[in-house]
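Let's take a walk through this protein together. Keep the viewer open as you read, and click on each residue when its name comes up.

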Amino acid sequence: MDDHHDPRLPPGPRSLDHRIVTALRARGADPRVAGAVRALSRAGEHGALWFAAGLTAAAVDRRRRRAWLRGTALTAGAHAASSGLKRVVRRPRPSHVEPLVGTRCRHSFPSSHAASSAAAALAFGALGARVAVPVAAAVCLSRVVAGVHYPSDVAGGAAIGALTAGLGLRWIREGAQD
């Protein structure tokens, strides 16, 4: 089923989502872009990039270890929430473009890569890891360029991640003071 027949979204966003995926997926024809997209997709699978970063920071930054672990926990929570919602919504992935990467599930909304990336960007950014923001943005964009998510999937996942981490920012800051 393509997104023009998906009853889960109003007509306007469906057609815009479709056009954006088509346009961005075409950028993936460049082998350099395709390679970067594949690398970002693999690194972001199940939040692995962010869990590794958070746990490494916790090991290196002993003074704020608890805060890093809390940020990592919030990132995991955002990923879990997104994965659970994906099973409820069951929106099909884009079928009108050839994907650059394989996926573990056939459902598209919300993007769990985007949820964990947005959560990590906010949580780790609060601890001074400014590089988390552009890396998170690249992971999010890569999912559309890869042809496995609509922009609204990424926006929904990012909103879940930002909400999860935003609700936990005080908890992270308290962990940094312990």
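What follows goes from the core to the pocket and then on to a few loops.

Before we start, bear in mind that this is a predicted model.

Let's begin on the inside. The largest nonpolar core is made of 21 residues. If you want to find its busiest members, look for Trp50, Trp68, Ala123, Phe124, Leu127 and Ile172, which have the most contacts inside it. Several helices chip in here: H3 (48-60) gives two or more residues to this core, and so do H4, H5, H6 and H7. The top contributor is H5, with six residues.

Now zoom in on two of those core residues, Trp68 and Phe124. How many aromatic pairs does the structure hold? Just the one, and Trp68 and Phe124 are the partners. Their rings sit 5.4 Å apart, centre to centre, with 55° between the planes. That angle makes the pair a tilted one, because stacked needs planes under 30 degrees apart and edge-to-face needs over 60. Trp68 belongs to helix H4 and Phe124 to helix H5, so their pairing ties together parts that are 56 residues apart in sequence. Are these two buried or exposed? Both Trp68 and Phe124 are buried.

Trp68 has other company too. Setting aside residues up to four places away in sequence, Trp68 touches Gly54, Ala57, Ala58 and Asp61, along with Phe124, Leu127 and Ala129. Two of the names in that list, Phe124 and Leu127, may ring a bell from the core.

Staying on helix H4, slide along to His79. His79 has 12% relative accessibility, so it counts as buried, the cut-off being under 20%. Apart from neighbours within four places in sequence, His79 is in contact with His46, Gly47, Ser112 and Ser116.

Follow that contact over to His46, which lies in the loop between helix H2 (31-44) and H3. Here the backbone does something worth a look: phi of His46 is near 55°, a positive value in a residue other than glycine. His46 has a relative accessible area of 43%, so it is partly exposed.

His46 also brings us to the largest pocket, as one of the residues closest to the centre of that pocket. The others closest to the centre are Glu45, Lys86, Arg104 and Cys105. In total, 14 residues line the largest pocket, and the space in there comes to about 230 Å³. Which elements give two or more residues to the lining? Those are helix H4 (65-89) and helix H5 (112-126). H4 supplies the largest share, four residues. As for chemistry, the lining has one nonpolar residue, seven polar ones and six charged ones.

Next, let's look at the loop between H4 and H5, where several residues deserve a click. Arg90 is found in this loop, and Arg90 has a positive phi of about 60° although it is not a glycine. At 40% relative accessibility, Arg90 counts as partly exposed. Pro110 is in this loop as well. Check the peptide bond that joins Phe109 and Pro110: this bond is cis, with omega about -5°.

Pro99 is another resident of the loop between H4 and H5. Its relative accessibility is 38%, so Pro99 counts as partly exposed. Measure across to Gly28 in your viewer: Pro99 and Gly28 are 71 residues apart along the chain, while their C-alpha atoms are separated by 9.4 Å. Leaving aside neighbours within four places in sequence, Pro99 is in contact with Arg25, Ala146, Gly147 and Val148.

That takes us to our last stop, Gly147, in the loop between helix H6 (132-145) and helix H7 (151-177). What lies around this glycine? Not counting residues up to four places away in sequence, Gly147 touches Val21, Arg25, Pro94, Val97 and Pro99. Gly147 has just 2% relative accessibility, so it counts as buried. For a sense of direction, try Ala159: Gly147 and Ala159 are twelve residues apart in sequence, and 20 Å apart in space from C-alpha to C-alpha.

Methods: Residues are numbered from 1 along each chain as its sequence is written. This is a predicted model: local features need pLDDT of at least 70, side-chain atom pairs count only at pLDDT 80 or more; totals for chains, interfaces and linings use all residues. Side-chain values use heavy atoms; hydrogens and water are left out. On a 1 Å grid over the protein atoms alone, a cavity is a set of points where a 1.4 Å probe fits but cannot get out, and a pocket is an open set with protein on both sides within 12 Å along at least five of seven lines; lining residues have an atom within 4 Å of a point. Grid points are joined across faces, edges and corners, and a volume is the space filled by probe spheres set on the points. Ala, Val, Leu, Ile, Met, Phe, Trp, Tyr, Cys and Pro count as nonpolar, Asp, Glu, Lys and Arg as charged, and the others, Gly among them, as polar. Buried means under 20% relative accessible area, exposed over 50%, partly exposed in between (1.4 Å probe, protein chains only). Contact means heavy atoms within 4.5 Å. A nonpolar core is a set of buried Ala, Val, Leu, Ile, Met, Phe, Trp, Tyr and Cys residues joined through side-chain atoms within 4.5 Å. Rings of Phe, Tyr and Trp (its six-membered ring) pair if their centres lie within 6.5 Å; planes under 30 degrees apart count as stacked, over 60 as edge-to-face and the rest as tilted.
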